[in-house]
Amino acid sequence: MTEHDVDPVDLLLESARDEAVESSFHVTGVMMQYYEVCERELWFESRDIEIDRENPNVVRGTHVDETAYDEKRRNLSIDGRIAPDLLDDGRVVEVKPSSTLVEPARLQLLYYLWYLDRVVGVEKEGVLAHPTERKRESVELTEETAQQVEDAIRGIYDVVRSETPPPATEKPFCESCAYYDFCWSC
Ligand code: SF4
């Protein structure tokens, strides 16, 4: 049986739980965000295509993450694969970068909860923080949201294993995307 015959979710879980299982398929929290934002962007990222990291638009997701939330939180790196932020009360926090990027942040947070539960064996609650609106939203891993995460893992697998990128389709954030020129310059 080859790697391609295995359900990507099982592949990811086996290699995450057992170092002896070699697999080139890994999913980071940021990949979850890309998958939700734009599959084509995920494909470019997966190929390490160089982009201008000084461009403020490129860091649209991480800039807010580092500066817009002043409560104490600790970053936890697990197996070098996921790096959730924990609040003092133990909940996993993800910061919503902007009103157009709520769902990507939610999916990343759910992936962290899923990974902690399925790989580490620790059940955690999540909180999606909306710093500009001074609001917080509880996020939980349920049967339904775990299914959402697993569907995304399978979708990510298909995207990153594809020989060619998905076609460009116009999105509200294309103009602030690092790969804009790749998609829309003739
Ligand atoms: S410019 Fe638009 S279509 Fe192209 S990768 Fe970025 S978000 Fe996706």
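This is a selection-by-selection tour of a predicted model.

**Whole chain**

Start with the full chain, coloured by secondary structure. The chain holds seven helices and five strands. Read from the N terminus, the elements follow the order α-α-α-α-β-β-β-α-β-β-α-α. Of the 186 residues, 28% are buried. Among contacts with a separation of 6 or more, 62% are between residues 24 or more positions apart.

**The sheet**

Next, select the five strands. They form an open sheet in the order β1-β2-β3-β4-β5, and the pairing is mixed. At the edges are β1 (73–75) and β5 (135–139), each of which pairs on one side only. From one strand to the next the twist averages 35°. As general background, strands of a sheet pair through backbone hydrogen bonds, either parallel or antiparallel.

Zoom in on residues 85–87 and 92–95. These are strands β2 and β3, which run antiparallel and are joined by two bridges. To see one bridge pair, pick Asp85 and its partner in β3, Val93.

Now add helix α5, residues 102–120. This helix packs on the sheet and touches β3, β4 (126–130) and β5. The direction of α5 makes about 160° with that of β3.

**The β4–β5 hairpin**

Keep β4 and β5 and hide the rest. Five bridges pair the two strands in the antiparallel sense. One bridge pair to display is His130 with Lys135 of β5. The two strands form a hairpin with four residues between them. Select Arg134 in the turn and check its backbone torsions: phi is positive, about 55°.

**The nonpolar core**

Return to the whole chain and display the core side chains. The largest nonpolar core has 37 residues, and Leu42, Leu110 and Ile156 touch the most other members. Elements giving two or more residues to this core are α1 (8–17), α2 (29–37), α3 (39–46), β3, α5, β4 and α6 (143–161). Which element gives the largest share of this core? It is α5, with ten residues. In soluble globular proteins generally, nonpolar side chains tend to be buried together.

Centre the view on Leu110. Leaving out residues up to four places away in sequence, Leu110 touches Val139, Leu141, Thr145, Gln148 and Val149.

**α2 against α6**

Select α2 and α6 together. Two packed helices are described by the angle between their axes and the distance between the axes. For α2 and α6 the angle is about 80° and the axes are 10 Å apart. An angle of about 80° falls between 65 and 115 degrees, so α2 is roughly perpendicular to α6. To show the contact, display Met31, Met32 and Tyr35 of α2 with Ala152, Gly155, Ile156 and Val159 of α6. By class this contact has six nonpolar residues, one polar and no charged ones.

**α2 against α3**

Keep α2 and swap α6 for α3. The axes of α2 and α3 come within 6 Å and cross at roughly 140°. That angle makes α2 oblique to α3. On the α2 side, display Met31, Tyr34, Tyr35 and Val37, which meet Glu39, Glu41, Leu42 and Glu45 in α3. Which classes of residue make up the contact of α2 with α3? There are five nonpolar, no polar and three charged residues.

Met31 and Tyr35 are a useful last selection: they are listed in the contact with α6 and also in the contact with α3.

Methods. Residues numbered from 1 in each chain as written. Predicted model: local features only at pLDDT ≥ 70, side-chain atom pairs only at ≥ 80, totals over all residues. Pairing = 2+ DSSP bridges. Axes fitted to C-alpha atoms, helices over the stretch in contact; angles between N-to-C directions. Contact = placed C-beta atoms within 7 Å. Buried ≥ 20, exposed ≤ 12 C-beta atoms within 10 Å, placed from the backbone. Core = buried A, V, L, I, M, F, W, Y, C linked by C-beta atoms within 7 Å. Parallel < 35°, antiparallel > 145°, perpendicular 65-115°, else oblique. Nonpolar A, V, L, I, M, F, W, Y, C, P; charged D, E, K, R; others polar.
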